[in-house]
Amino acid sequence: MKNEILFTLVTRNNVTLLQNYITSIKQYDAGFPYRLVIADNLSTDTKHLDLLNSLSKDYTIITCQNDRAEVTYETISSKFKDEYNYFFFSHDDCVVHKDN
């Protein structure tokens with residue numbers, strides 16, 4: 001098992017929220033090692049898709065069915081259950097305000 005947290009950020013068709021969250025993640029130190037996976041729920045907005053394409057250079061992007069967040073969380077945790085002991089799930093409407 002990896003000695004880091006799998007951090008899943010769920011998003012769909014909101015480029016502003018996603019960009020603000022990513023900017024805040026880069027600005028502040030989480031205080032622990034993590035891998036960020038962006039779970040996109042079948043976005044159709046061109047600007048959002050362009051941002052996802054750009055982010056794919058630094059982060060893992062996984063497309064999930066546009067369903068309830070709980071289904072997306074279950075999909076991701078099932079996919080990575082043998083690699084990680086700890087999971088953190090979040091929507092794109094959050095921001096980080098400080099280190100740790």
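A residue is called buried here if its relative accessible area is under 20%, exposed if that value is over 50%, and partly exposed in between. With those words in hand, the tour can begin, and you should keep in mind throughout that the model on your screen is a predicted one.

Select Tyr 84 to start: its relative accessibility is 2%, so Tyr 84 counts as buried. Now add Phe 80, which is also buried, since its relative accessible area is 5%. The rings of Phe 80 and Tyr 84 form an edge-to-face aromatic pair, with 6.2 Å from centre to centre and 70 degrees between the planes. Keep Phe 80 in view and select Lys 79 as well, because the charged end of Lys 79 sits over the ring of Phe 80, at 5.9 Å from the centre of that ring.

The next stop is another pair of rings, one of the eight aromatic pairs that a search of the whole structure finds. Select Phe 32 and Tyr 34, whose rings are arranged edge-to-face, 6.3 Å apart from centre to centre and with 65 degrees between their planes. Phe 32 counts as partly exposed at 39% relative accessibility, and Tyr 34 is partly exposed too, with a relative accessible area of 27%. If you extend the selection to Phe 7, Tyr 21 and Phe 88, you will have one aromatic cluster on the screen, made up of these three together with Phe 32 and Tyr 34.

From the cluster, move on to the largest pocket, which holds about 260 Å³ of space. Which residues lie nearest the centre of the largest pocket? They are Phe 7, Ala 30, Phe 32, Phe 88 and Val 96, out of a lining of 15 residues. When the lining is sorted by the character of its residues, 11 are nonpolar, one is polar and three are charged.

Now look at the backbone. As a rule, most residues other than glycine have a negative phi. Select Leu 42, which is not a glycine and yet has a positive phi of about 55 degrees. You will find Leu 42 in the loop between β2 (34-40) and α2 (46-55), and with a relative accessible area of 36% it is partly exposed. Asn 100 also has a positive phi, near 65 degrees; look for Asn 100 in the segment after β4 (84-91), where it counts as exposed at 75% relative accessibility.

Return to the loop between β2 and α2 and select Thr 44, which is found there and is exposed, with a relative accessible area of 59%. Then draw a distance from the C-alpha of Thr 44 to the C-alpha of Cys 94: the two residues are 50 apart in sequence and 21 Å apart in space.

Cys 94 leads to the last stop, so keep it selected and add Cys 64. Cys 94 counts as partly exposed at 30% relative accessibility, whereas Cys 64, at 4%, counts as buried. How many disulfides does the structure hold? There are zero. A disulfide is a covalent bond between the sulfur atoms of two cysteines, and here the sulfurs would have to lie within 2.5 Å to be counted as one. The closest cysteine sulfur to that of Cys 64 is the one in Cys 94, and because 17 Å separates them, they are too far apart for a bond.

Key. Residues are numbered from 1 along each chain as its sequence is written. This is a predicted model: local features need pLDDT of at least 70, side-chain atom pairs count only at pLDDT 80 or more; totals for chains, interfaces and linings use all residues. Side-chain values use heavy atoms; hydrogens and water are left out. Buried means under 20% relative accessible area, exposed over 50%, partly exposed in between (1.4 Å probe, protein chains only). On a 1 Å grid over the protein atoms alone, a cavity is a set of points where a 1.4 Å probe fits but cannot get out, and a pocket is an open set with protein on both sides within 12 Å along at least five of seven lines; lining residues have an atom within 4 Å of a point. Grid points are joined across faces, edges and corners, and a volume is the space filled by probe spheres set on the points. Ala, Val, Leu, Ile, Met, Phe, Trp, Tyr, Cys and Pro count as nonpolar, Asp, Glu, Lys and Arg as charged, and the others, Gly among them, as polar. Rings of Phe, Tyr and Trp (its six-membered ring) pair if their centres lie within 6.5 Å; planes under 30 degrees apart count as stacked, over 60 as edge-to-face and the rest as tilted. A charge sits over a ring if NZ of Lys or CZ of Arg is within 6 Å of the ring centre and within 35 degrees of the ring normal. Helices (H or I, at least four residues) and strands (E, at least two) are DSSP runs, numbered from the N terminus.
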